[in-house]
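Open the model in your viewer and show it as a cartoon. The stops below say what to select and what is found there.

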Amino acid sequence: MNAPLVDFAGLAGIHHVYSGKAGKCTCGCAGTHRYSSAYREEAGKARGYALDDGDCNDRQVSKVVRLLTAMLINGNAHDEGGHVWGEADGRLYIAYRD
Ligand SMILES: [Zn+2]
């Protein structure tokens, strides 16, 4: 089972995150989108084609959620409703709610 995610500002249920270079395109050409394994089937339907093993990484999802939770607490992350994002050390992190 997945490790429990930190519960803060609605980030507990996050199952899709992005990590990439700050200031660059977020389509995946300058970083990676990662999904929790529990969300694999739904995410494949949502994006239109199935996820492979490399698209799912529960540890990476947890890591980005923890980073963004800390950034939210410090006022360094931005809650846009559908997603929360923040930059640290030249990298952009996003946690998607939808
Ligand atoms: Zn791109």
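In what order do the elements of the protein chain run from the N terminus on? They run β-β-α-α-β-β-β, which gives two helices and five strands. The model is a predicted one. With the whole chain selected, the radius of gyration is 13 Å, close to the 13 Å from the globule rule for 98 residues, so the chain is as compact as a globular protein of that length. The C-alpha trace spans about 35 × 30 × 20 Å along its principal axes. Of the 98 residues, 26% count as buried. Among contacts with a separation of 6 or more, 48% are between residues 24 or more positions apart.

**The sheet.** Select the five strands. They form an open sheet in the order β2-β1-β5-β4-β3, with antiparallel pairing. Residues 31-35 (β2) and 77-79 (β3) stand at the edges; each of these strands has a single partner, so one of its sides is left without a neighbour in the sheet. From one strand to the next, the twist averages 15 degrees.

**β1 and β5.** Next, select residues 16-21 and 91-96. These are β1 and β5, which run antiparallel and are joined by six bridges. To check the register, show His16, which stands opposite Tyr96 in β5. Then show Lys21, whose opposite residue in β5 is Arg91.

**β4 and the hairpin.** Keep β5 and add residues 83-88, which are β4; six bridges join the two strands, and they run antiparallel. Val84 stands opposite Ala95 in β5. Between β4 and β5 are two residues, and the strands form a hairpin. Which residue in the turn has a positive phi? Asp89 does, at about 50 degrees.

While the strands are on screen, side chains can be switched on: in a regular strand they alternate between the two faces of the sheet.

**Helix α2.** Select residues 58-74, the 17 residues of α2. From its first C-alpha to its last, α2 reaches 24 Å, close to the 24 Å expected at 1.5 Å a residue. Now show the buried residues of α2: Val61, Val64, Val65, Leu67, Leu68 and Thr69. What covers the buried residues of α2? The cover includes β1, β2, β3, β4 and β5, the strands of the open sheet.

**After the helix.** End at Gly75, just after α2, which takes a positive phi of about 80 degrees.

Notes. Residues numbered from 1 in each chain as written. Predicted model: local features only at pLDDT ≥ 70, side-chain atom pairs only at ≥ 80, totals over all residues. Pairing = 2+ DSSP bridges. Helix = DSSP H or I, 4+ residues; strand = E, 2+ residues; numbered from the N terminus. Axes fitted to C-alpha atoms, helices over the stretch in contact; angles between N-to-C directions. Expected span 1.5 Å × (residues − 1). Buried ≥ 20, exposed ≤ 12 C-beta atoms within 10 Å, placed from the backbone. Contact = placed C-beta atoms within 7 Å. Rg over C-alpha atoms; globule rule 2.2 N^0.38 Å.
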